Amino acid sequence: MERIIIVILILLMPGIFVSCRKPKCDENIPAIAFKDFLQYRDAQGNMLDSAKIIITFKDCDGDIGLEDSDTIKPYDYNFLLKYFEMVKGAWVMKCDTCFKYRIPVLTPEGQSKILEGEMGMTISPFYFDFSSSDSDTIKYSVTLFDKAMNESNAAETPAILTK
């Protein structure tokens, strides 16, 4: 019986030590991934003119966000969406600066400076170009900048049907 207990303890020891380690995070560049795209609808189910894009993010040094006083380039915006339309079977970027947003300072809790979570941005008043004949199928590419102006990877939505 003692041998079985000793064997079990030996097998559990690595897991105990690994679970006590601090999370490792060496990258100072924020990483993002697409999570969801929500098209707002009215009570009858008709699509409205605004939508919401949701991404997940991770930043190891926890410096995401702009202060209210950060207004001069390059600190004027830190969440950018590029807008694409499907034209004759190929994606064409229609606007690379149409959708610019400011994420306020996010402060990590506790001793770890790692920021991790999800954020959503409402695209309003219009999330696609009503005047374009190619706006029935669109997509976005999202980029996030941290306070040090490190640019995240680009996260793309899948194709979005607007009509």
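## Close-up views of the predicted model

**Figure 1. A cis proline in the loop between β2 and β3.** Pro74 sits in the loop that runs between β2 (47-59) and β3 (79-87). What you see here, as in the other views, is a predicted model. The peptide bond joining Lys73 and Pro74 is cis, and its omega is about 5°. If you're checking backbone torsions, this is one of the places to look: Lys73 to Pro74 has to be set up as cis.

**Figure 2. Asp70, tucked into the same loop as Pro74.** Asp70 also belongs to the loop between β2 and β3, where Pro74 is found too. Is Asp70 buried or exposed? Asp70 is buried, as its relative accessible area is just 12%, and the cut-off for buried is under 20%. Once the neighbours within four places in sequence are set aside, Asp70 is in contact with Tyr75, Asp76, Arg102 and Lys147.

**Figure 3. A second cis peptide bond, at Pro125.** Going from Ser124 to Pro125, the peptide bond is cis, with omega near 10°. Pro125 is part of the loop between β5 (115-123) and β6 (137-144). Put this view next to Figure 1: there the bond joins Lys73 and Pro74, here the bond runs from Ser124 to Pro125.

**Figure 4. Two residues with positive phi that aren't glycines.** Lys88 has phi near 50°, a positive value, and Lys88 is not a glycine. You'll find Lys88 in the loop between β3 and β4 (90-101). How accessible is Lys88? Its relative accessible area is 86%, so Lys88 counts as exposed. Met149 isn't a glycine either, yet its phi is positive at about 65°. Met149 belongs to the loop between β6 and β7 (155-156).

**Figure 5. The disulfide of Cys95 and Cys98.** Searching the whole structure turns up 1 disulfide, and this is the pair: Cys95 joined to Cys98, with 1.7 Å from S to S. The torsion about the S-S bond is 105°, which makes the link between Cys95 and Cys98 right-handed. What about the accessibility of the two partners? Cys95 is buried, because its relative accessibility is 14%. Cys98 has 46% relative accessibility, so that cysteine counts as partly exposed.

**Figure 6. A salt bridge between β1 and β5.** Side chains of opposite charge can pair when their charged atoms come close. The structure has 4 salt bridges by count, and one of them is between the side chains of Lys35 and Glu118, with 2.5 Å from N to O. Why does this pair matter for linking parts of the chain? Lys35 is in strand β1 (residues 31-41) and Glu118 is in strand β5, so the pair ties together parts that are 83 residues apart in sequence. Lys35 is partly exposed at 46% relative accessible area, and Glu118 is partly exposed as well, at 45%.

**Figure 7. Glu85 and Lys94, a buried partner with a partly exposed one.** Glu85 and Lys94 form a salt bridge in which the closest N and O atoms are 3.9 Å apart. That value falls inside the cut-off, since a salt bridge is counted within 4 Å. Which accessibility class does each partner fall into? Glu85 is buried, because its relative accessible area is 1%. Lys94 comes in at 43%, so that lysine is partly exposed.

**Figure 8. Lys139 paired with Glu156.** The salt bridge shown here is formed by Lys139 and Glu156, and their closest N and O atoms are 2.8 Å apart. The pair links distant parts of the chain, with Lys139 in strand β6, Glu156 in strand β7, and the two positions 17 residues apart. Lys139 has a relative accessible area of 10%, so Lys139 is buried. Glu156 counts as partly exposed, because its relative accessibility is 41%.

**Figure 9. Stepping back to the whole protein.** How many helices and strands are there? The protein has 1 helix and 8 strands, and along the sequence they read α-β-β-β-β-β-β-β-β. The chain has 163 residues, 34% of which count as buried. Taking contacts with a separation of 6 or more, 66% are between residues 24 or more positions apart. The accessible surface is about 10,400 Å², with 57% of that belonging to carbon and sulfur atoms.

Key. Residues are numbered from 1 along each chain as its sequence is written. This is a predicted model: local features need pLDDT of at least 70, side-chain atom pairs count only at pLDDT 80 or more; totals for chains, interfaces and linings use all residues. Side-chain values use heavy atoms; hydrogens and water are left out. Helices (H or I, at least four residues) and strands (E, at least two) are DSSP runs, numbered from the N terminus. Buried means under 20% relative accessible area, exposed over 50%, partly exposed in between (1.4 Å probe, protein chains only). A disulfide is a pair of cysteine sulfur atoms within 2.5 Å. Contact means heavy atoms within 4.5 Å. Accessible areas come from the Shrake-Rupley method with a 1.4 Å probe; for residues, only the protein chains shown count as cover.
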